[in-house]
Amino acid sequence: KLHSDLDKGVGTVKYTLSGDGAGTVFTIDETTGDIHAIRSLDREEKPFYTLRAQAVDVDTKKPLEPESEFIIKVQDINDNEPKFLDGPYVASVPEMSPVGAYVFQVKATDADDPTYGNSARVVYSILQGQPYFSIDPKTGVIRTALPNMDREVKEQYQVLIQAKDMGGQLGGLAGTTTVNITLTDVNDNPPRFPKSIFHLKVPESSHVGSAIGRIRAVDPDFGKNAEIEYNIVPGDGGNLFDITTDENTQEGVIKLKKPLDFETKKAYTFKVEASNLHLDHRFHSVGPFKDTATVKINVLDMDEPPVFSKPMYTMEVYEDTPVGTIIGAVTAQDLDAGSSSVRYFIDWKNDVDSYFTIDATEGTIATNELLDRESTAQYNFSIIASKVSNPLLTSKVNVIINVLDVNEFPPEISVPYETSVCENAKPGQVIQTVTAADKDLSPTGQRFSFRLSAEASNKPNFTVHDYRNNTAGIETRRNGYSRRQQELYFLPVVIEDSSYPVQSSTNTMTIRVCRCDSDGTILSCNVEAIFLPVGLSTGALIAILLCIAILLVIVVLYVALRRQKKKNTLMTSKEDIRDNVIHYDDEGGGEEDTQAFDIGALRNPKVIEDNKIRRDIKPDTLRFPRQRPPVEDNTDIRDFINQRLQENDVDPAAPPYDSLATYAYEGNGSVAESLSSIDSLTTEADQDYDYLNDWGPRFKILADMFGEEESYNPDKVT
């Protein structure tokens with residue numbers, strides 16, 4: 001209520017109100033000055049209001065007193081319950097924790113005025129979750145209330161917490177929240193096998209390294225506390241198997257370390273131990289954190305491929321061994337209960353494998369081609385063995401065949417075949433050490449011997465000294481050598497090997513005489529050095545050779561000019577009879593007039609020599625046909641033959657024909673020598689003309705002609 005001392009109660013004073021909430025929350029009676037709240041107030045929304053009041057004259061509207069300020073404070077009442085602003089909550093605590101172990105702390109907020117009464121004083125309590133957990137009423141700290149809570153028994157707990165104001169008294173307001181508590185795992189449980197014996201069946205054909213079975217130990221713990229390590233306890237069969245841990249399932253995976261053989265051993269028994277990797281020292285007193293179980297493995301019999309007696313075969317054979325020679329054998333057996341026969345064959349991969357064959361039943365290997373060690377010293381191929389009862393079951397083995405050497409190549413010098421000797425060399429001086437090489441390979445190592453050939457042993461120039469260690473020295477035998485007398489020497493060296501049969505070869509070494517200094521250092525071995533002692537330098541020699549070349553060019557030019565001039569003179573000379581045309585005013589005497597003029601001077605001897613063509617003049621009269629007489633031996637036939645012979649003698653068309661040949665130049669003679677029979681010792685009747693057939697096609701007509709006369713001679717018909 002507002003009141004001014006100037007207010008006499010006659011209605012001359014008017015009260016006004018301004019500030020926070022004036023007109024909306026608060027109002028004033030202008031006549032009496034009473035202030036009223038026109039709506040509900042909430043301290044939690046606005047705890048106080050600041051207002052200004054003033055008394056004004058009703059008539060003049062002028063302030064009667066200065067404006068005064070006052071504060072209206074809202075008094076709190078318990079109208080707000082406690083609230084958990086962050087709930088619900090999630091908390092955890094390790095299992096097996098002792099009583100009173102800290103779990104979590106909750107906090108409730110009350111919007112009421114904590115300075116006025118007990119409206120904001122909160123007390124905590126557990127409505128649900130006992131007897132496992134407890135809470136401090138003032139602080140809200142949650143702790144374990146029971147010892148040895150086991151996660152493996154119960155892992156999740158839901159606790160209901162209440163916060164109540166007014167100190168928890170009757171009439172106070174309350175709020176609740178939920179705390180979800182999880183027991184975290186600790187390694188308080190050892191691994192345990194669910195059974196003491198595990199039985200496994202494994203085929204004997206299982207591969208080494210393959211998994212043949214799984215066993216599992218159970219550990220109720222979680223995470224790393226449940227990680228298990230498996231180990232095989234040393235004992236029966238432990239060296240044939242291995243065990244590892246599957247990280248995803250924590251199972252023990254048993255693997256094979258060595259091959260199994262049903263025929264050798266049918267069953268194995270060993271123990272496996274399972275233990276935790278991460279131990280907790282607080283629970284050592286519980287007992288050992290490991291367990292043991294027995295594993296029994298039964299080997300199953302399988303149809304297996306044949307087994308070779310060796311993992312690899314090595315054989316030897318001499319080169320050039322005859323084809324079909326047996327050099328060795330491989331052996332494979334079927335070890336199964338019902339033993340089956342085995343067949344062998346070569347695993348063909350390339351043409352090299354064709355050098356050998358194998359007997360399919362016996363497994364013997366023989367040569368199929370001639371072998372050459374210098375071409376291929378070793379052969380490597382595979383042999384496959386298969387069971388007759390099941391050809392799909394095969395096994396393979398490598399075979400290495402070494403080709404042994406036969407002494408078939410002679411040794412040769414392995415150093416260059418040319419060396420040098422100084423002009424001032426002394427007797428017994430070694431000018432070259434030679435070694436030998438042999439394409440053959442001796443199993444004990446080759447031994448070579450060196451000597452001079454027989455024709456060189458008597459020459460006093462050089463000798464060969466055999467050092468008996470597969471080397472020899474070329475030594476001088478005289479005092480000094482002269483390049484002017486002899487620049488090159490050829491020394492035949494005979495080399496023999498020590499194998500059987502002994503092979504030898506003669507190798508010719510070229511020894512060049514060189515100019516050397518007093519220390520034996522070669523100064524020069526070329527031709528130019530021979531002239532150096534005369535006193536001519538290299539430049540002088542070049543100048544001399546250049547002058548000689550110029551003189552030769554001048555002589556060649558001079559000779560060429562002379563020949564050209566002589567040729568022109570002959571072409572223009574009027575005395576050249578080959579270019580003259582001679583005219584005659586009288587008629588010649590024809591072919592029979594051989595004395596008219598000698599035309600041999602007009603013929604070119606060279607042309608005449610090249611154009612030696614025989615010109616036969618054949619008569620125009622046709623040759624009478626001739627028939628071969630019958631072979632009957634009677635007088636009529638003889639008379640008929642004689643008649644025909646006389647006709648041919650007088651027939652001008654019968655060969656030989658007359659020919660006219662003019663010879664203006666004498667030839668070089670005939671390769672067939674003389675054809676004349678003037679010097680013949682026999683008569684024409686006794687002459688044998690069969691040799692004309694051997695003179696070639698040019699004498700074929702002559703051979704046929706004389707052959708016919710001989711065959712048709714009536715005196716020879718019988």
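Glu487 is partly exposed, with a relative accessible area of 22%; partly exposed lies between buried (under 20% relative accessible area) and exposed (over 50%), with a 1.4 Å probe and protein chains only. Its partner Arg512 forms a salt bridge with Glu487 and, at 23% relative accessibility, also counts as partly exposed.

The model is predicted: local features need pLDDT of at least 70, side-chain atom pairs count only at pLDDT 80 or more, and totals for chains, interfaces and linings use all residues. Residues are numbered from 1 along each chain as its sequence is written, and side-chain values use heavy atoms, with hydrogens and water left out.

A salt bridge here is a side-chain nitrogen of Lys or Arg within 4 Å of a carboxyl oxygen of Asp or Glu. The structure holds 19 salt bridges, including the following.

| Acidic residue | Basic residue | Closest N and O atoms |
|---|---|---|
| Asp246 | Arg214 | 3.0 Å |
| Glu251 | Arg214 | 2.9 Å |
| Glu487 | Arg512 | 3.2 Å |

Glu487 lies in the loop between β34 (471-476) and β35 (488-496) and Arg512 in strand β36 (residues 504-516), so this pair ties together parts that are 25 residues apart in sequence. Strands (E, at least two residues) are DSSP runs, numbered from the N terminus.

Arg214 is partly exposed, with a relative accessible area of 44%, whereas Asp246 counts as buried at 17%. Glu251 lies in strand β17 and Arg214 in strand β14, so their salt bridge ties together parts that are 37 residues apart in sequence.

Finally, a network of salt bridges links Arg151, Glu152, Glu155 and Asp185.

Definitions and conventions: Helices (H or I, at least four residues) and strands (E, at least two) are DSSP runs, numbered from the N terminus.
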